[in-house]
Every structure is written in C-alpha cells, then in structure tokens.
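Here is a friendly walk through one protein model, written for someone who likes to look at side chains. Please keep the viewer open while you read.

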Amino acid sequence: MVLIMVDKSEKIWMDGTFIDWDNAKVHVLTHALHYGSAIFEGIKCYETKNGPAIFRLKEHIDRLYGSAHIFGMKIPFSKQEFSEAVKNTVKVNKLKSCYIRPIVYLGYGPMGLNPVNSPVQCSIAAWSWGAYLGEEGIAKGIRLKTSSFVRNHVNAMMTKAKISGNYVNSILAKQEAVLEGFDESMMLDTEGYVSECSGENLFIVKNNVIKTPFTLAVLPGITRSTIIEIAKDLGYGIKEERFTRDEVYIADECFLTGTAAELTPVREVDNRQIGEGKPGKITKELQNLFLDIVHGKIKKYEHWLDYVK
C-alpha cells in the first residue's frame, strides 16, 4: 500500500511559536487523541494578482470560536491574535496558495473523560493541497452513495460545532462509499431526509431553482453560504428545505460545496445518473464565478479576501 503524505511545509504554529514541521508533536496521552476533544477549521488561501489571499478568514475564525464555546473550551488567544497567526503561518511558509488547518485541542493532562483540568492547546498548519475530490471530479463530476450511517442526531452530538469526535460518523460513511467504488457518501438525517455528505454540503437544481437541505443535522458551511449569496446575486431562486434522496435522483443537477471540495459537480447518485450525467449549466456557472472570486478577480466580493503581506 502506498501512503500519500501531506505535502509538508517548513513551519507549524503551536501555542504562539513556530515549530519545524517534523518537530510539531504531541504526547501520546493527549486527551484529544483518546476522546476526540478538539475543534478545528479548514481554510483556503488562493493565489491572486495581489499576492496570497485567505478566503473568508473572519467567518472561519468566528466559527472556530463558536465551536469552542459550544464545546465549553476557552481558546487562550483572542480572535485577532488567532487570525494574525493564520496569516503568519502562510507568510512564514512562503505559500502562494494552500489549505490551512487550525485546531484547538485538549492536551496532555489528566486522563479520563473529565475534560475540566486538561490544558487547551492550539496549532495551525498550512500546506499545498490539490482538489479534495480530485481534478477529474471537479471537471466531470463525482459518484455518490447514500450511506448506511445516519448523520448524528442533534441530541446525541453538537451538530453546529466542528468537533473532531463528530467526524467518526463521517469517516465511517466515507470509508463505506470508497470501498464500494464511489467517491463520496450522501448522508441522511435521523428522519430519512438528505442531510449532507461526509465533509461537504449538498445542492440540487430542478427547473432552474437551487435547493439545499435545511435540517438540524446540517453544519452550515461557509462555502455553502457563499454559493447561496452569489446564486441570489445571479438571480436564481434558492430554497433551503427538506428533501428526500429520490428528489436528488430526479434533479437536473447536483453539486457539493466545502472549503476543500470547493464546488464539485455530482454526476451520479446510487448508480442513478443525475441529469445529463455531467456538470450542468448552473453548476458550471457557479463554479466559474466562485473560482474567479477566490482568486480576487471580482471586486464586488473582494471583502471576502484577507491578503497576506
């Protein structure tokens, strides 16, 4: 088996200090390693004519601190300090474009489920990372499988927080899909309605109306909100509502959104072709506009970019 490693950079920010990539380590008894007691974000930085620009940094930092608050964790840095640390991580590593992973976790301290006296630690890594679901998937669309694993119930997990432990649910769904020859999983909520994918939000298009699931189990993605806003700006009708998997089957178009996935078309779900079996007109229009925005080509949306200087 070939192990595909992360394309490592030079430095990782840890608790206010830059550490050499290979020395950025934690103790084997770190609380988060045993119990999933961490919160994290995925952020993208893009190359633009004015230098590297981080997309919607403020919204990502706000969500990181929101996740910490939901979990009951106090981040030992201000939002401003953390935002500057994110930009400095890109700068120190001389990256023109990259994926950024901030994580705040309970570190090495008392063992056991009680988190109260565990130290809160932070790190930020950044590295070059291509298309999460593959360049071919971006261009031609991917295949989804409805997962046998149901999305976490709102009374079982905190579904509005990006808590590491929540993602075991996603890992099981992703693994199942990949082992059965699909690219990604489509997950249902506990009432049987479409929720989201293992790490992306989902949209369908029918008769030029765009729909995305509105269910309590959905994590409100930042790329999701971006696509909703720009679709409205283009004059498309947007509905956030519940729908079932068979409504996805008969959609004209389907696509996924996420920081890593960006906007990825879907050509097939459960061995059923979606629309013409290729990226549709609206999907391509939104995809092209999104890429122009993140690369700083449209002034109207430049407020979403934080330039690294």
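The notes below cover aromatic pairs, charges over rings, strand pairing, cysteines and nonpolar cores.

## Aromatic pairs around Phe-55

Before we start, please keep in mind that this is a predicted model. The structure holds 12 aromatic pairs. One of them joins Phe-55 and Phe-290: the ring centres are 5.7 Å apart and the planes stand at 85°, so the pair is edge-to-face. Phe-55 belongs to strand β5 (residues 51-55) and Phe-290 to helix α8 (residues 281-294), so this pair ties together parts that are 235 residues apart in sequence. Phe-55 counts as buried because its relative accessibility is 5%, and Phe-290 counts as buried at 2%.

Phe-55 also pairs with Trp-304. Here the centres are 5.9 Å apart and the planes are at 85°, so this pair is edge-to-face. Trp-304 sits in the loop between α8 and β17 (305-307), while Phe-55 is in strand β5, so the pair ties together parts 249 residues apart in sequence. With 4% relative accessibility, Trp-304 counts as buried.

## A cluster, and charges over rings

Elsewhere, Trp-13, Tyr-65, Phe-77 and Phe-82 form one aromatic cluster.

Two arginines are worth finding in the viewer too. Arg-143 places its charged end over the ring of Phe-182, 4.4 Å from the ring centre. Arg-272 lies over the face of Tyr-249, and its distance from the ring centre is 4.3 Å.

## Strand β1 and its partners

Trp-13 from the aromatic cluster brings us to a strand pairing, since its bridge partner in β2 is Phe-18. Strand β1 (residues 11-14) and strand β2 (residues 17-20) pair in the antiparallel sense over 4 bridges. The two strands form a hairpin with 2 residues between them, and Asp-15 in the turn has a positive phi of about 55°.

Strand β1 has another partner in strand β7 (residues 120-127): these two pair in the antiparallel sense over 2 bridges. In this pairing, Met-14 stands opposite Ser-123 in β7.

## Cysteines

How many disulfides does a search of the whole structure find? The result is 0. Cys-98 is in no disulfide, and the nearest cysteine sulfur, that of Cys-45, is 4.4 Å away. At 3% relative accessibility, Cys-98 counts as buried.

Cys-197 is in no disulfide either; its nearest cysteine sulfur belongs to Cys-254 and is 7.2 Å away. Cys-197 counts as buried, with a relative accessibility of 0%.

## Nonpolar cores

The largest nonpolar core has 28 residues, and those with the most contacts inside it are Ile-54, Ile-75, Phe-82 and Ile-100. The elements that give two or more residues to this core are β4 (43-48), α2 (57-71), α3 (79-92), β6 (98-106) and β7. Its largest share, 5 residues, comes from α2. Phe-82 is thus a name to note, as it also appears in the aromatic cluster.

Which residues does Ile-54 touch, leaving aside its neighbours within four places in sequence? Its contacts include Ile-43, Cys-45, Val-86, Val-90 and Ile-100. Trp-304, Leu-305 and Val-308 are also among them, together with Lys-44, Lys-87 and Asp-306. A second, separate core has 24 residues, including Ile-227, Ala-231, Leu-263 and Val-294.

Methods: Residues numbered from 1 in each chain as written. Predicted model: local features only at pLDDT ≥ 70, side-chain atom pairs only at ≥ 80, totals over all residues. Heavy atoms only, no water. Phe/Tyr/Trp six-rings, centres within 6.5 Å; stacked < 30°, edge-to-face > 60°. Buried < 20%, exposed > 50% of the residue type's maximum accessible area, 1.4 Å probe, protein only. Lys NZ or Arg CZ within 6 Å of the ring centre and 35° of its normal. Pairing = 2+ DSSP bridges. Disulfide = S-S within 2.5 Å. Core = buried A, V, L, I, M, F, W, Y, C linked by side-chain atoms within 4.5 Å. Contact = heavy atoms within 4.5 Å.
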